[in-house]
Amino acid sequence: MTSRSHPVAGKTGYATSSPELERWLARHIAQGFGADALVRSMCQSGYDAAFARATVQAAFAGSAMRSARPGPAPSASPSPRTAKARAATEAATNPAHANAQAAAAIAAPNALPAGDGRDVPVLFAMESPRIALFQRLLMPDECDALIALSRGRLARSPVVNPDTGDENLIDARTSMGAMFQVGEHPLIETLEARIAAVTGVPVEQGEGLQILNYKPGAEYQPHYDFFNPQRPGEARQLRVGGQRMATLVIYLNDVPAGGATAFPKLGLRVNPVKGNAVFFAYLGEDGALDERTLHAGLPVEQGEKWIATKWLREAPYRGEG
């Protein structure tokens, strides 16, 4: 999934700096983004690769000179938080058994280890289809930090065209969204390791984290998250990590009214509560897809809704391109 983080849509090979670019780099460095992530984002926006590397390196150097404490160089050793996240990722179980691991996680009676020294309570669990509601998967400050990181890159949320595989805007989905690459930011890396620990699905089988913002009246009408292999556009998606096997929706704020995640075929609604997350799996061990996982983001009636969505694949996900 292409990152939408950069504000400038440059031409291929673009190699000219600007005040806008300098402000963008300074802001993202201050937010904790790494050098590699910033270089990738510039290249995806059309900048020359060598120019992007040199510009990012100069921006980090300038940031360090302006700071009372030297900032981390692009090649600095990982922070304790990043090291902890990587350790949790390495502890994730074999990808070949991901479906069984997810099923075992949902069968846990009361709580699941988060891999960072605390447990995540399970508020309810359904066996068929496998659905679970996690309490405080994210702490309040983590929710606020994710929202802050995403504000500068929000764009209208697309969907995959089932015939072409391209991303299109449709009336059924009226949210704004921001995409993050896997491990793009230390906070995201930490959260991805926690998701792997709780679901039993390794980090490398997850797509990039998507942050969505729903204003009053915004919704996402009933849909499936898995791909239909009979549709050529969706079949194209299967070549970059196999079928989606499960979804995790994390609520980043409390919503005064509306905005529930609804499963119309099950008569189930999950209300958005800050830090909680609903997990639902739709790919059986026999490869069958469970159509009872049809779901919708109901219209927001008061306030706004922020969520983070993580899609999990049956094999390591490498993205397109």
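How many cavities of 30 Å³ or more does a search of the whole structure find? The search finds three. The model on display is a predicted one, and this tour begins with the whole protein before turning to its largest cavity.

**The whole protein**

Colour the model by secondary structure. The display should be read as eight helices and 17 strands. Of the 321 residues in the protein, 49% are buried. Contacts between residues at least 6 apart in sequence may be considered next: 74% of them join residues at least 24 apart.

**The largest cavity**

Rolling a probe the size of a water molecule over the atoms reveals where empty space remains. Select Tyr220, His223, Val249, His295 and Ile307; among the 16 residues that line the largest cavity, these lie nearest its centre. The volume of this cavity is about 150 Å³.

Now show the strands around the cavity. At least two lining residues come from each of β8 (210-214), β9 (220-223), β10 (244-251), β15 (295-297) and β17 (305-313). Which strand supplies the largest share of the lining? That strand is β17, with four residues. Colouring the lining by class gives seven nonpolar, six polar and three charged residues.

**The sheet with β9 and β15**

Strands of a sheet pair through backbone hydrogen bonds, in either a parallel or an antiparallel manner. Select β9, β15, β12 and β13, which form an open sheet in that order, with antiparallel pairing. Because β9 and β13 (268-270) stand at the edges with a single partner strand each, one side of each has no neighbour in the sheet. From one strand to the next, the twist averages 15 degrees.

Focus on β9 and β15, whose antiparallel pairing runs over two bridges. Select His223 and then its bridge partner in β15, His295. Both of these residues were also selected at the cavity, where they are among those nearest its centre.

**Phe227**

Move next to the loop between β9 and α8 (232-237), and select Phe227 there. Is Phe227 buried or exposed? Its relative accessibility is 3%, so Phe227 counts as buried.

Display the residues in contact with Phe227. Apart from neighbours within four places in sequence, they are Glu234, Gln237, Leu238, Gln243, Arg244, Leu289 and Arg313. As a last step, select Gly242 together with Phe227: the two are 15 residues apart in sequence, and their C-alpha atoms are 9.4 Å apart in space.

Note on methods: Residues are numbered from 1 along each chain as its sequence is written. This is a predicted model: local features need pLDDT of at least 70, side-chain atom pairs count only at pLDDT 80 or more; totals for chains, interfaces and linings use all residues. Side-chain values use heavy atoms; hydrogens and water are left out. On a 1 Å grid over the protein atoms alone, a cavity is a set of points where a 1.4 Å probe fits but cannot get out, and a pocket is an open set with protein on both sides within 12 Å along at least five of seven lines; lining residues have an atom within 4 Å of a point. Grid points are joined across faces, edges and corners, and a volume is the space filled by probe spheres set on the points. Ala, Val, Leu, Ile, Met, Phe, Trp, Tyr, Cys and Pro count as nonpolar, Asp, Glu, Lys and Arg as charged, and the others, Gly among them, as polar. Two strands pair if DSSP finds at least two bridges between them. Axes are lines fitted to C-alpha atoms, for helices over the stretch in contact, and angles run from 0 to 180 degrees between N-to-C directions. Buried means under 20% relative accessible area, exposed over 50%, partly exposed in between (1.4 Å probe, protein chains only). Contact means heavy atoms within 4.5 Å.
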